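Reader: I am new to this structure and would like a close look at a single part of it, with its surroundings explained step by step. Could you take me through one helix and the charged pairs around it?

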Amino acid sequence: MILILSTNQETTTNEVIKWLKALGKAFIRIQEDEIFEIKVCENRIVLQSQRNNFFIEDITSVWYRRGGLQFIRKEYNNPSINAYMNETQYWLEDYVIKLLEAKKHINKQSNNHLNKLFVLDQAKKAGLKVPEYYLAENTEQLIVNKTITKSIAENIILKSVGDFPEGILYTSLVTEKEKKNFFITFFQEMVEKDFEVRAFYLNGKIWSTAIFSQNDKKTQLDHRKYNHETPNRNVRYNLSKDIEEKIHILMLQLDINCGSLDFIKNKNDFYFLEINPVGQFLGLSAICNYLLEKEIAEYL
């Protein structure tokens, strides 16, 4: 039985499930609003919610897509007993998650949040080229029009920004210096690109796509500023064996076995930018006919 941890109506999950059904594979889908109670039946651990009920030992593989397991916590009137039982329940929950993550899996709930700064450090250790970067509270050392800035946080969508219902933090070119100090900010050397490469990694296998975003001013710095009227050209691409081996080393260092990696191609060099372990890949899968959703279903 395959266990899928996802969010409500998540499109990528839906597409993988279509393939699981076609392949005749049994699965259970856990969604973000589902809360479980840990029980024991005949010395076997059972997870129960209003929607699902299954033994841990019946799970053969786990796909962590998004969301994660949530548990009911019992509360007690006595403060000391409540504190002790709260810790006890935490370790029981931790044990359940570790039991599931010890099975065949695609990514893990326990390490699904990647620290972007740490990832860049590890990428350099793996031998990948990375544009020079630093943290600063001012722009004294900054080179105008040759330095970009971007968020180090996972959530780049802000609600109720000024007169707008929401705003998105994109990669931006620094065109002037600030006079005052500010909160610690990430700065990085701007690398002129021939094109971008999005590489999808799954347990040692890599599928890459070249994204020709440099010819459109809207997408030059950040291809996520998508131009729906004139979309970027995307084509299949083969990274060198050397780069693919370094990607594999990096993923092992980070203990993640699936994700999308972004690169910039500059002349003869490839510069690593970042990893998104739960990013969207259906678009590039369809354009390049990679059928990545089938690959995931088959692996599970």
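**Salt bridges and helix 4**

Author: Glu 10, Arg 65 and Arg 66 are linked in a network of salt bridges, and a search of the whole structure, which is a predicted model, finds 17 salt bridges. With that as background, the part to look at closely is helix 4, which runs over residues 241-254.

Helix 4 has 14 residues, and from its first C-alpha to its last it reaches 20 Å, close to the 20 Å expected at 1.5 Å a residue. Its buried residues are Ile 243, Glu 244, Ile 247, Leu 250, Met 251 and Leu 254. These buried residues lie on the same side of helix 4, because they cover an arc of only 115 degrees around the axis. The general background is that an α-helix has 3.6 residues a turn, so residues three or four places apart point the same way. On the face of helix 4 turned away from the buried side, one finds the exposed residues Lys 241, Glu 245 and Leu 252.

What does the buried side pack against? The buried residues of helix 4 pack against helix 3, and also against strand 15 (195-202), strand 16 (205-212), strand 18 (258-266) and strand 19 (269-276).

Two of these strands are joined by a charged pair, since the side chains of Arg 198 and Asp 262 meet in a salt bridge at 2.4 Å, N to O. Arg 198 lies in strand 15 and Asp 262 in strand 18, so the pair ties together parts that are 64 residues apart in sequence. Both partners are buried, Arg 198 with a relative accessible area of 17% and Asp 262 with one of 9%. A further salt bridge brings together the side chains of Lys 193 and Glu 196, at 2.5 Å from N to O; here Lys 193 is buried with a relative accessible area of 14%, and Glu 196 counts as buried at 6%.

Just after helix 4 comes Asp 255, whose phi is positive, near 60 degrees. The side chain of Asp 255 makes a polar contact of 2.9 Å with the side chain of Lys 108, a residue in the loop between strand 8 (104-106) and helix 3 (116-125). Lys 108 is buried, because its relative accessible area of 15% falls under the 20% limit. Not counting residues up to four places away in sequence, Lys 108 touches Tyr 64, Glu 101 and Asp 255.

On the other side of helix 4 in sequence, Asn 234 is found in strand 17, which covers residues 233-237. Asn 234 is buried as well, with a relative accessible area of 14%, and, leaving aside its neighbours within four places in sequence, it is in contact with Thr 209, Ala 210, Ile 211, Leu 284 and Ile 287.

A salt bridge within a helix can be seen in helix 2 (residues 79-101), where Lys 98 and Asp 94 both lie, four residues apart, about one turn of the helix. The closest N and O atoms of Lys 98 and Asp 94 are 2.9 Å apart, and while Lys 98 counts as partly exposed at 49% relative accessibility, Asp 94 counts as buried at 17%.

Finally, the structure holds zero disulfides. Cys 258 is in no disulfide, and the nearest cysteine sulfur, that of Cys 288, is 16 Å away; Cys 258 is itself buried, with a relative accessible area of 5%.

Methods. Residues are numbered from 1 along each chain as its sequence is written. This is a predicted model: local features need pLDDT of at least 70, side-chain atom pairs count only at pLDDT 80 or more; totals for chains, interfaces and linings use all residues. Side-chain values use heavy atoms; hydrogens and water are left out. Helices (H or I, at least four residues) and strands (E, at least two) are DSSP runs, numbered from the N terminus. Buried means under 20% relative accessible area, exposed over 50%, partly exposed in between (1.4 Å probe, protein chains only). A polar contact is a pair of N or O atoms within 3.5 Å; within protein, one must be able to donate a hydrogen and the other to accept it, and residues adjacent in sequence count only if both atoms are side-chain atoms. Contact means heavy atoms within 4.5 Å. A disulfide is a pair of cysteine sulfur atoms within 2.5 Å. The expected span of a helix is 1.5 Å times one less than its number of residues. The arc is that of the directions from the helix axis to the C-beta atoms. A salt bridge is a side-chain nitrogen of Lys or Arg within 4 Å of a carboxyl oxygen of Asp or Glu.
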